Every structure is written in structure tokens, then in C-alpha cells.
Amino acid sequence: MSRRSFLKTGTAAAIGLSVAPTSVLGKAPKKKTVAPSDKLNIIGVGVGGRGASDLKAMESQNIIGLCDTDWAYAKHIFERYPDAKRYNDYRVCFDEMLKDADAVMVATSDHTHAIVCADALTAGKHVYCEKPLTHTVYESRLLTKLAEKYKVATQMGNQGASSEDTDTVIEWIQNGEIGEVRRVDCATDRPLWPQGLETPTEAMPIPEGLDWDCFIGPAKMRPYNRAYHPWDWRGWWDYGTGALGDMACHIMHVAFRSLNLLYPIKVEGCSTPLFPDCAPNAQHVKLTFPARENLPKVAMPEVEIHWYDGGLLPEYPAGWPEGKNLMREGGGTTIFHGTKDTLVCGCYGQKPFLLSGRVPNAPKTQRRVGMSHEQDWIRACKEAPENRILTKSDFSSAGPFNEMVVMGVLAVRLQGLHKPLLWDGLNMKFTNITPEEVLKLERTVVKVVDGDPKITKETEKVNAQAYAAELIKHTYRDGWSLPEMP
């Protein structure tokens, strides 16, 4: 089948279009692309956990290389793809195999997403990266710009972005079905792993098959401890982003897209006791976004996005049925408070409904994917940039969205400044932290003495501006670096 025939029939049918856009049905691109009938050669980096599921959803293609820092943890996926070459250092893998690859799937711990993705993007490879897209604001901005520069197909692994329920939420809100939205509440039942912990002091033997140096990657070196790996890294600031980073990419995405959000102008955070190295047990974050350009059927005024986790929940909205659980499908909830009605949906935008009981009949303006999130990315990889229909979480959208998510982490980690933080999104800096300002990093220590708890506080004073700058853009360990911002 020719590429033109495929684009006229296969793609249009797969995404549910009755009439394909002219950009899709235009002249065949001059630039050489992978034919739809061909299979992509895919390298997986970070394959023992979530990456295993991603690869299974992609195995209609050729899985040619597998990389994981823990071979014991990844044993099951190595056995599933016995012909794929195996590595524990992605740099060695890329040196040897990237020339033969078309695309890379990245599902490492959060802190190494950016460096692996950036190396793949600058080599001109298509990239699928698990959520959260990156660990910092700067890294998100970098991947957004690199993807634009190299014109490759990208997708962040927030699978609900490709669901019809998410499309429905966007259509209802942008059709004015609930009126103007000035507040959105988002909550999750996570974390499922330990948080609110003191930093381990015991250096444990490194398990066989684990390359600890490669796992640490660009972060500062620290002794191995079972508290960090293989799964609980999500709660440690050096490697993860806590419950917020893990789940907000699923739960807040419908708000970001339906309300046409970009950069917040103000952030505030509070939590249960905050430790220097570990995410707290529970958090509340408020992100304020400025008014945006009005849509034909609804205005876009200034809006507050609230986040709750660790058992914290928003107030029940007016009219909420007694006995109905506020936490919805998938362990998440999003509540849009409109001037005409209230819209509620679960994690991934699941099963949206209006509190009034009315079922809107809004026009279908959003593209229906009609296939898995991963397969839609594969479809985009096989289309030329001139004709490519973007995925639902292409880095052009996922990058700015992820900045919103990790801004929540910044709000929590800087809560000791005891004020709302004003954010200049374009220049990626806070405008109301002075050069002389001091941040107190407090550590609560509880010891039992003669059967009674004795509580003391240890305080470290740091320059607030320098501390914030490091959270916005990390200083990488020697031997690890990112490309320049385009």
C-alpha cells in the first residue's frame, strides 16, 4: 500500500475522521519516512516496571534493544524479547544501537527522563516518555523545544489523554455547558509507596544485577539503600516527584487542555511535615493561571487549580449526593466548578458527569484516537512532519503541561518562605524571592525517651533564590549533561 493510500484510508478510519484534513491528504512528502507497512525499530530504556507495559503495547513493532539499570528487576521483560540486545547504561546502548533505531521508549525513574529523551531527540529519533515528562521546569522546556527542532513524533505516557472521555470533557467545557470555570479541584488517593521519611543513613550492599551508578545518573551520588529502589524512588526528591508528579499528569490533564492553560502566575503549597530529601505524606497545592483568550462559546477567566493527595480531599461541591464517594474511578477526581453547573470526572477523565444530572449534547470537536495511546504514537512516527497528525500528548503540549505539574512540587518544597510565589513562566523564575532571602529547611526528629516521644527540630539555612534556581534547573553530576536549549 502506498503512503498516500494509507493516509487516505487507514489513518482516517483509525482516528474516526469522516473527512481527512488537507494537510494529511496533500502531496506526498519529499522527505523519506518510514512506510506504514514497515515496522519501527524501538529501543526501550527503563523496562522493568511501567516500561514493560509500554513495550507490550508496542510489540507489533520491532523491539531491538532493552536497557535497565537493574537486570534482576527487568528479567521478565528480557525473557519476553530474547532477540533484543541488553544494556544497563543507556549511553552505551545509544552508542551501539541508536543508528539502527527509529524510536525510543523511556520509562526510567523521573530524574533521568530528560537526559535520555534529549539524547534520543537530538539524534532525530521519535520518543515516547512515561509521565511525568521530566523532573524540572527547565527540563520540560528543553524537551519541548528539542522536539520542535527535530520534528519527530512524541508522546508522554499519560494514557488518558487519548481516551474519548477526555475528549468529552473538553467538548463540554469549551461548548459552555457549565459556564465559566474559575476553580478546579483535583485529588488522588496516592501515594501507594512510603513518603514523609528521614533520609536513610545505612549503606546496604548493592543487589546483584543492579548498576547503582547508572541508576543515580545525573543526581548526586549516595549509598544504596532498599528505601530507594526498585519501586520506592517515587517518594524521594532526587529521583521522583511524589504522588503529585506521579498522578497529576493523569488527573490535571483534562483541566490543562479544556481550559487552554499555559504557565501559572502564582503558586502556593502546604503539606504534612516536610523533609529535605523525601516528599511529604500529604500535600495541598494551589496554582493560579491568568485569564486566557475567550472561546466562541465561553470565557476563560483567571482560574485556580487545586491539588490534594495523601488522603486530603476538597470540599464536597454544592449538590453532591450524600453517600457518594468523592474519589472517583482510577483513584482520582477532578471537579470543575462552573457558573452554570459542576462537572466531575475520575482519573484519566473517566466517566464525566454533571451534578445537575443533565447530559450535554455538545458537538464533537476533538479527534477520537480509536486505538491505544502507544499505538497512536506509532502511527504518528510513520507520518512525515508535514502531514503528521499530532498525538494527544505530543511534547508541544505535554512539555508546558509538565511544567504545571512540577511547579506544584516547587510550591511544596518552597513553602517555608511563607508566602505565595509569583512566577514568570516565560523566563522560568520567581519574581518575589530576593537575593538576600533565607529559606529554613527544617527536619523534625522524634525519639522515644523513657517511653515518651521527644520532638526536636533541626534547621538548615540556605539562600532561597539559589535553592529555588537549583530546583528549577538541576546541576548535573560530573559526566552527565543536557544539550543546550535551542
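Let me start with Lys324, which in this predicted model lies over the face of Phe353, at 5.2 Å from the ring centre. There is a second arrangement of this kind, and if you turn to Tyr138 you will find Lys473 lying over the face of that ring, at 4.4 Å from the ring centre.

While we are speaking of rings, how many aromatic pairs does the structure hold? The count comes to 13 aromatic pairs, and when we describe any such pair we give the distance of the centres and the angle of the planes. Some of the rings are linked into a cluster through their pairs, and the members of that cluster are Trp212, Phe215, Tyr224, Tyr228, Trp236 and Tyr239.

Let me move on to the helices, beginning with α6, which covers residues 113–122, and α7, which covers residues 137–150. The axes of these two helices come within 9 Å and cross at roughly 15°, and since an angle under 35 degrees counts as roughly parallel, α6 and α7 are therefore described as roughly parallel to each other. The crossing in which α6 passes α7 is left-handed. If you would like to find the contact on the screen, look in α6 for Ala114, Cys117, Ala118, Leu121 and Thr122, which meet Glu139, Leu143, Leu146, Ala147 and Tyr150 in α7. Sorted by class, the residues of this contact of α6 with α7 are 8 nonpolar, 1 polar and 1 charged.

Please keep α7 in view, as it also packs with helix α13, residues 395–413, at an angle of about 175° and with the axes 8 Å apart. Which way do the two helices run relative to each other, parallel or antiparallel? The angle is over 145 degrees, the cut-off for this description, and so α7 is roughly antiparallel to α13. On the α7 side the contact is made by Val137, Ser140, Arg141, Leu143, Thr144 and Ala147, while the α13 side contributes a list that includes Phe395, Pro400, Val406, Met407 and Leu410. By class, the contact of α7 with α13 has 8 nonpolar, 5 polar and 2 charged residues.

The last helix pair I want to show is α3, residues 50–58, with α12, residues 373–381, and here the packing angle is about 60° and the axes are 8 Å apart. Why do we call this pair oblique? Roughly parallel needs an angle under 35 degrees, roughly perpendicular begins at 65, and the angles left over count as oblique, so α3 and α12 are oblique to each other. In this case α3 passes α12 in a right-handed crossing. The contact is made by Arg50, Asp54, Ala57 and Met58 of α3, together with Glu374, Gln375, Trp377 and Ile378 of α12, and these residues divide into 4 nonpolar, 1 polar and 3 charged.

Finally, let us look at some details of the backbone. A cis peptide bond joins Arg190 and Pro191, with omega at about 15°, and Pro191 has its place in the loop between β7 and α9. Another cis peptide bond joins His229 and Pro230, where omega is about 20°, and Pro230 is found in the loop between α9 and α10. In the loop between β12 and β13 lies Lys351, a residue other than glycine whose phi nevertheless has a positive value, near 45°.

Methods: Residues are numbered from 1 along each chain as its sequence is written. This is a predicted model: local features need pLDDT of at least 70, side-chain atom pairs count only at pLDDT 80 or more; totals for chains, interfaces and linings use all residues. Side-chain values use heavy atoms; hydrogens and water are left out. Axes are lines fitted to C-alpha atoms, for helices over the stretch in contact, and angles run from 0 to 180 degrees between N-to-C directions. Helices (H or I, at least four residues) and strands (E, at least two) are DSSP runs, numbered from the N terminus. Angles under 35 degrees count as roughly parallel, over 145 as roughly antiparallel, 65 to 115 as roughly perpendicular and the rest as oblique. A crossing is left-handed if the near helix is turned anticlockwise from the far one by less than a right angle, and right-handed if clockwise. Contact means heavy atoms within 4.5 Å. Ala, Val, Leu, Ile, Met, Phe, Trp, Tyr, Cys and Pro count as nonpolar, Asp, Glu, Lys and Arg as charged, and the others, Gly among them, as polar. Rings of Phe, Tyr and Trp (its six-membered ring) pair if their centres lie within 6.5 Å; planes under 30 degrees apart count as stacked, over 60 as edge-to-face and the rest as tilted. A charge sits over a ring if NZ of Lys or CZ of Arg is within 6 Å of the ring centre and within 35 degrees of the ring normal.
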